[in-house]
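Dear colleague,

I am handing over the structure we spoke about, so that you can open it alongside these notes. Please read them with the coordinates at hand.

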Amino acid sequence: MPLHVNIEDLLHHRSVESDRIEFKEGWNPDAIYRSVCAFANDFDNAGGGYIIVGIVEQDGVAKRPVKGLASAEIAEIQKKMIGFNNLIRPIYNPKVFIEEVDGQQILIIWVPGGSSRPYEVPEQVTANQKRYAYYVRRYASSVRADQETQQELISLANQVPFDDRANTQASLDDISMVLVEDHLRKVGSRLHNLTGMMDKVDVLEQMLLIEGPPEHRFPKNVALMMFNEQPDRFFPATWVDVVSFPKGEGYPEFTEFPRITGPVPSMIRRTLDLLKTNFLQEKVIKQQGRAESVRISNYPYAALEEAIANALYHRDYQVREQVEIRITPASIVILNYGGPDRSIRQEDLDTGRIRPRRYRNRRLGDFLKELDLTEGRATGIPTIKRTLYANGSPEPSFRTDDSRSFFEVEIFCHQAFLGASLVVNDQGSDQANDQAKHKHKIVEAFRYVTGADANSDLESMVNEIGEELMKVLEFATKPVKRKEILEQGLGLANHTDNARRYFDPLLELGLLDRTIKDKLSSPQQQYYTTEKGKALMEYTSR
């Protein structure tokens with residue numbers, strides 16, 4: 001049966017983060033079942049993971065064309081998995097899919113977070129003597145849980161995230177197959193082509209949206225959040241209220257817009273449409289003595305998109321409080337109830353370096369990422385800050401309280417749109433103009449030094465992360481390890497995703513190189529700026 005997500009998106013880490021995916025060249029049951037156990041324990045409530053067998057991993061990504069597996073080998077693997085699944089305590093059965101990629105068959109083992117955790121598995125499922133252990137995920141690896149982690153894992157027993165629980169007050173009739181099919185079509189799943197020939201229960205089981213005995217299935221909460229036209233019937237106050245104060249909150253005049261309801265993706269899109277139609281403005285400013293015009297927004301759409309999607313993703317659906325948006329001439333405030341995890345401090349919010357320990361709505365986040373409505377884990381605040389900086393807007397404000405009962409994001413209006421300060425020479429416009437001019441110079445330098453054509457892909461990449469790419473080159477003028485570049489040069493975690501995002505473009509363009517060519521994952525590996533990279537740096541400094 002086809003996978004519920006687009007296979008190419010999965011292979012390229014577009015719909016699922018890389019640390020939730022493991023590539024295996026061949027069938028290695030001992031290592032694979034340690035990862036099955038770790039994903040099933042879902043220590044961070046990240047949503048489990050995927051083990052893809054038949055693919056060679058190279059620098060953290062799938063090597064193409066894929067190696068694949070023979071049909072007889074896949075049949076034998078599926079037969080053996082029945083016995084290995086029974087070794088997991090308590091018994092756990094991951095989902096198995098066969099997909100065709102590059103003309104070859106591969107096996108995909110989907111391991112969602114289990115509802116009966118903690119799980120343990122023999123260190124070697126093929127050994128005669130079975131020694132059981134608990135496993136959890138640490139970044140992109142499955143590791144044996146230490147004593148402290150074991151205790152915390154045991155404390156999570158029966159603590160299934162709210163969105164992944166069965167809703168006994170609803171029935172399968174409350175799930176709209178029209179919305180399910182529309183979702184599968186949008187994400188490009190091959191399952192969409194078969195929904196008309198399959199029973200509704202089979203489709204929902206395939207997507208793990210229902211639970212319970214065969215004679216009485218119940219939909220999970222995430223199914224009602226995503227695929228019911230009126231989720232507020234099941235989760236009180238699941239809507240968005242938008243209020244505008246045209247003169248400020250201290251004045252009696254205000255406009256209250258109609259309540260925004262519906263499935264979560266629909267609420268996000270309709271809220272953004274309302275703001276775009278009624279409040280977003282854009283100006284093109286051409287200043288005397290400067291060749292380039294500056295295009296600025298009062299509120300960058302991308303920043304609002306991330307803030308609103310995160311408000312509906314991270315809100316507590318057990319709290320009877322709606323998402324509120326208040327708009328004044330000076331700012332837009334987005335408030336949701338159910339604040340951030342207690343592991344996140346106020347100073348973390350201020351700096352944008354967010355590393356949450358646990359996620360509230362693990363399945364909802366997966367669905368929204370498949371639809372490109374959220375970027376991924378812990379990227380919301382950095383994205384908002386980066387987008388506002390690029391627009392020349394003031395820094396945003398993030399607030400919560402000691403009890404983590406709410407989370408508030410305030411995005412401030414660009415100075416060029418604030419009444420009397422709307423002049424082309426004000427500080428805000430100068431800042432935006434200088435940033436735009438600097439970005440243009442970086443794009444120009446990349447094209448000149450690398451000989452690349454003036455194509456939109458290059459310009460888009462450099463416009464988005466050009467500043468960070470230049471920081472990598474500046475930090476690596478002498479050989480230095482990946483960890484130091486990411487943590488000290490960019491202020492980011494030493495994750496494969498970050499390395500791939502900021503290193504791969506430079507490596508492909510010949511601006512960055514490695515000290516060890518034959519062992520790319522060596523712990524002694526260092527990176528350095530090439531002569532071409534140094535020429536790029538010199539060009540931008542002129």
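What follows is an account of what was found, taken sheet by sheet and then residue by residue. Please keep in mind throughout that this is a predicted model.

The first topic is the four-stranded sheet. It is open, its strands run in the order β1-β2-β6-β5, and the pairing is mixed. The edge strands are β1 (21–24) and β5 (95–101), each of which pairs on one side only, and from one strand to the next the twist averages 20°. Between β5 and strand β6 (residues 104–111) the pairing is antiparallel and extends over seven bridges, with Glu100 standing opposite Gln105 in β6. Helix α2 (residues 29–41) packs on this sheet, where it touches β1, β2 (49–53) and β6, and its direction makes about 160° with that of β2. Helix α3 (residues 71–85) also packs on the sheet, touching β5 and β6, and the direction of α3 makes about 20° with that of β6.

The next topic is the three-stranded sheet, which is open as well, with the order β7-β8-β9 and antiparallel pairing. Its edge strands, each pairing on one side only, are β7 (120–122) and β9 (141–144), and the twist averages 50° from one strand to the next. Strand β7 pairs with strand β8 (residues 132–138) in the antiparallel sense over three bridges, and Val121 stands opposite Ala133 in β8. Helix α2 packs on this sheet too, touching β7, β8 and β9, while its direction makes about 70° with that of β8.

Turning to the aromatic residues, the structure holds 13 aromatic pairs. One of them joins Tyr92 and Tyr119 in an edge-to-face arrangement, with 5.3 Å from centre to centre and 75° between the planes. This pair links distant parts of the chain, since Tyr92 lies in the loop between α3 and β5 and Tyr119 in the loop between β6 and β7, 27 residues apart. Tyr92 is buried, with a relative accessible area of 8%, and Tyr119 counts as buried at 2% relative accessibility. The pair of Phe398 and Phe407 is stacked, because the ring centres are 6.3 Å apart and the planes lie at 10°. Phe398 counts as buried at 3% relative accessibility, and Phe407 counts as buried at 15%. In addition, Phe162, Phe234, Phe235 and Tyr317 form one aromatic cluster.

Helix α16 (residues 496–508) has a kink of about 35° at Tyr502, shortly before the proline Pro505. Both Tyr502 and Pro505 are among the buried residues of α16, which also include Asn498, Ala499, Arg500 and Phe503. The helix is followed by Gly510, whose phi is positive, near 75°.

Two further points concern individual side chains. Arg362, found in helix α11 (residues 362–370), counts as buried because its relative accessibility is 2%, which falls under the 20% limit. Leaving aside residues up to four places away in sequence, the contacts of Arg362 include Asp42, Asp163 and Asp164, as well as Arg117. As for the cysteines, the structure holds zero disulfides; Cys37 counts as buried at 1% relative accessibility, and Cys413 counts as buried at 4%.

With best regards

Terms used. Residues are numbered from 1 along each chain as its sequence is written. This is a predicted model: local features need pLDDT of at least 70, side-chain atom pairs count only at pLDDT 80 or more; totals for chains, interfaces and linings use all residues. Side-chain values use heavy atoms; hydrogens and water are left out. Helices (H or I, at least four residues) and strands (E, at least two) are DSSP runs, numbered from the N terminus. Buried means under 20% relative accessible area, exposed over 50%, partly exposed in between (1.4 Å probe, protein chains only). Contact means heavy atoms within 4.5 Å. A disulfide is a pair of cysteine sulfur atoms within 2.5 Å. The bend at a residue is the angle between axes fitted to the seven residues ending there and the seven starting there. Two strands pair if DSSP finds at least two bridges between them. Axes are lines fitted to C-alpha atoms, for helices over the stretch in contact, and angles run from 0 to 180 degrees between N-to-C directions. Rings of Phe, Tyr and Trp (its six-membered ring) pair if their centres lie within 6.5 Å; planes under 30 degrees apart count as stacked, over 60 as edge-to-face and the rest as tilted.
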